[in-house]
Each structure stands twice: as structure tokens, then as C-alpha cells.
Amino acid sequence: MILGTSTFYQMFGTDYRFVPEHLRDVLLAAHDWHCDAEKILRQIEEGILEVYDQYRKDERWDGWQTKGGERRCLQLLLEARKRLMNRMFHQTEESYRRFSEINDTLLDLSRKTCKKIKTLYEAWLKDEEEEWRNDCQVCGRIFAEGWEEAETVTGDEKADETGSDYDRMMAIIEEVGERDLLHIEFSGSPDYTLGDEWNWEREVQSSLLFSYGGARPYGDFVMCCAFQHLYTESLYCPQDILRIKMFWADVALTHQRIVTPQGKLL
């Protein structure tokens, strides 16, 4: 099936220029519900590895535009991979239980991150030396880190029915995807305090239910914001999420001193 540039442009807009011509048909095929998902998945992952190899080699100082295009191409191919993997995923009671457990873990980590942000900011308000009592930037984020290696396979056997190369795909996702599952950041000054009216819960808890295609064979749960981003918006497919090794939280405060050209503290 040879599809013209105009068809590709209608679906992907100006991003079409980042995708090599020999990969455009397979990328379009991944969006066809009637395609052979397992066959197209293999071709998509071969394309990901091909583009990633070039992405890693392109270290020229004048290659930022090319490198940015390759990064965007990888994201498009990984989005297509996720689409195919979603089709091939079969929810079970055990996978539902594990998703619920991950959601609980991320909700608890999100709340602890918010609490640490508040503690760090309040300590700055109390203890900052006078000549730095100007402003500060507080940031907290959560991201996925590492993955469990797929079961060892021999011969023509596969780790599961998808045949995905999980180890390499997840490593590439870590490098080219948007990593933050939760990001909270604000700039604070001595005259600004975080009172009880600051509702951290709105930062960490969504109102969306987790269900499988609208069905609820094993029940449902309210997704926290970090899990919602991981499951619905990230480049990780459900099979990947079940292989993630750890979730990492960072909280940092940047001390800021802002002055006029005459050195007067603003």
C-alpha cells in the first residue's frame, strides 16, 4: 500500500517532514484498526531502532535541527507502538490489581512530595539569611526510572504474545519521552505563605476512573494525576508500565537574589 504525502500530512500535519519516506506507510498502517498488529509492531520497532541509532550518532554542533526532527520522529513511532500495544493488551484481574497498586503508590508519593515542598518552603521562610530573603523557586516532580527485564527467551520464543523488545523500547522512551508524571513548581517570597487554603489535593488527585475500555470487570479506582499521565499520556504502554522498576521523586529549592543594576534588592 503506497500512500501519498498528502494523506500522511492530513494525519500528522507538518510532523510528516521528520519521518523518513520508507517509514510513512507503516506509521499510517499502525493507525488502521484492521492491520495485523503483531506484524506492524515489529516493523514499527525496527523503525524506532533505526531512527534511534541515527539520533545517537548525530552529535554535530550544527545538527540540532536534525536531532530535534529525529526526536520527534521517535515520539511519533513510539506513539504508534503504544497504540498497537494497547490493542494487544488483555486486562486480567492480576494486572488490574497491579495497576491499582501503582496508582496507590504514586498517590502516596505525590502527597509526600507536596508535603516536602511545603516543609522546604516554610524552612526557607524561617531560616533564610537576610540578604537572600528575596525570592525562591520551589520544584517537585515524579518520574519513572528503570525497568524490569523481560523474561529470558530462547530460540523463536517470545517474552509475551506481542514480541516487543521491551528492554530497548523502554530505554528509548526514558531518553526521548516527557519524563515528568507530576510537576509542581512555584516562586515564593517572604510575604507569601502556604496556608490551609492551599489545596494540594487538586495537584495530585484527578476525578477520572480507571476502567478498561469503559468496562469494569474487576471494579475501578480514581486515578491520581501521576498515574493518569503515566497510563494515558506518556509513551509507556500498559505492558511497559507493569515492568517499571521504580518511581522517583525530586524536590528542590533554588535560592534567588534579584537586584537592580545599582545592586538594590528587589
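This is a short group-meeting talk on three helix pairs and the cavities in one structure.

Hi everyone. Before I start, please keep in mind that this is a predicted model.

Let's begin with helix α3, which covers residues 37-57, and helix α6, residues 166-176. How far apart are their axes, and at what angle do the two helices pack? The axes are 11 Å apart, and the angle is about 50°. That angle is why we call α3 oblique to α6. As for handedness, α3 passes α6 in a left-handed crossing.

So who touches whom? On the α3 side you'll find Glu-45, Ile-48, Leu-49, Tyr-52, Tyr-55 and Arg-56, and they meet Arg-168, Met-169, Ile-172, Glu-175 and Val-176 of α6. Sort the residues of that contact by class and you get 7 nonpolar and 4 charged, with no polar ones.

Now stay with α3 and look at another partner, α2, which is residues 21-29. The axes of α2 and α3 come within 10 Å and cross at roughly 140°. These two are therefore oblique to each other. Left-handed or right-handed, how does α2 pass α3? The crossing is left-handed. From α2, the contact uses His-22, Leu-23, Val-26, Leu-27 and Ala-29, while α3 brings Ile-40, Gln-43, Ile-44, Gly-47, Glu-50 and Val-51. By class, that contact of α2 with α3 has 7 nonpolar, 3 polar and 1 charged.

Next pair: helix α5, residues 93-127, and helix α8, residues 225-233. Their axes lie 7 Å apart, and the packing angle is about 130°. That makes α5 oblique to α8. In α5, Phe-99, Ile-102, Asn-103, Leu-106 and Ser-110 do the touching, and in α8 they meet Ala-226, Phe-227, Leu-230 and Tyr-231. The class count for α5 with α8 is 7 nonpolar and 2 polar, with no charged residues.

Last topic: empty space. How many cavities of 30 Å³ or more turn up in a search of the whole structure? The search finds 2. The largest cavity holds about 90 Å³ of space. Its lining includes Phe-143, Ala-144, Ile-173 and Glu-174, and further along the chain Gly-177, Glu-178, Arg-179 and Leu-181, plus Ser-234, Leu-235 and Tyr-236. Which elements give two or more residues to that lining? They are β1, residues 135-147, and our earlier helix α6. Sorted by class, the lining of the largest cavity has 6 nonpolar, 2 polar and 3 charged residues.

To tie things up, α6 is a good helix to find on your screen: it packs with α3, and it also helps line the largest cavity. Thanks for listening!

Notes: Residues are numbered from 1 along each chain as its sequence is written. This is a predicted model: local features need pLDDT of at least 70, side-chain atom pairs count only at pLDDT 80 or more; totals for chains, interfaces and linings use all residues. Side-chain values use heavy atoms; hydrogens and water are left out. Axes are lines fitted to C-alpha atoms, for helices over the stretch in contact, and angles run from 0 to 180 degrees between N-to-C directions. Helices (H or I, at least four residues) and strands (E, at least two) are DSSP runs, numbered from the N terminus. Angles under 35 degrees count as roughly parallel, over 145 as roughly antiparallel, 65 to 115 as roughly perpendicular and the rest as oblique. A crossing is left-handed if the near helix is turned anticlockwise from the far one by less than a right angle, and right-handed if clockwise. Contact means heavy atoms within 4.5 Å. Ala, Val, Leu, Ile, Met, Phe, Trp, Tyr, Cys and Pro count as nonpolar, Asp, Glu, Lys and Arg as charged, and the others, Gly among them, as polar. On a 1 Å grid over the protein atoms alone, a cavity is a set of points where a 1.4 Å probe fits but cannot get out, and a pocket is an open set with protein on both sides within 12 Å along at least five of seven lines; lining residues have an atom within 4 Å of a point. Grid points are joined across faces, edges and corners, and a volume is the space filled by probe spheres set on the points.
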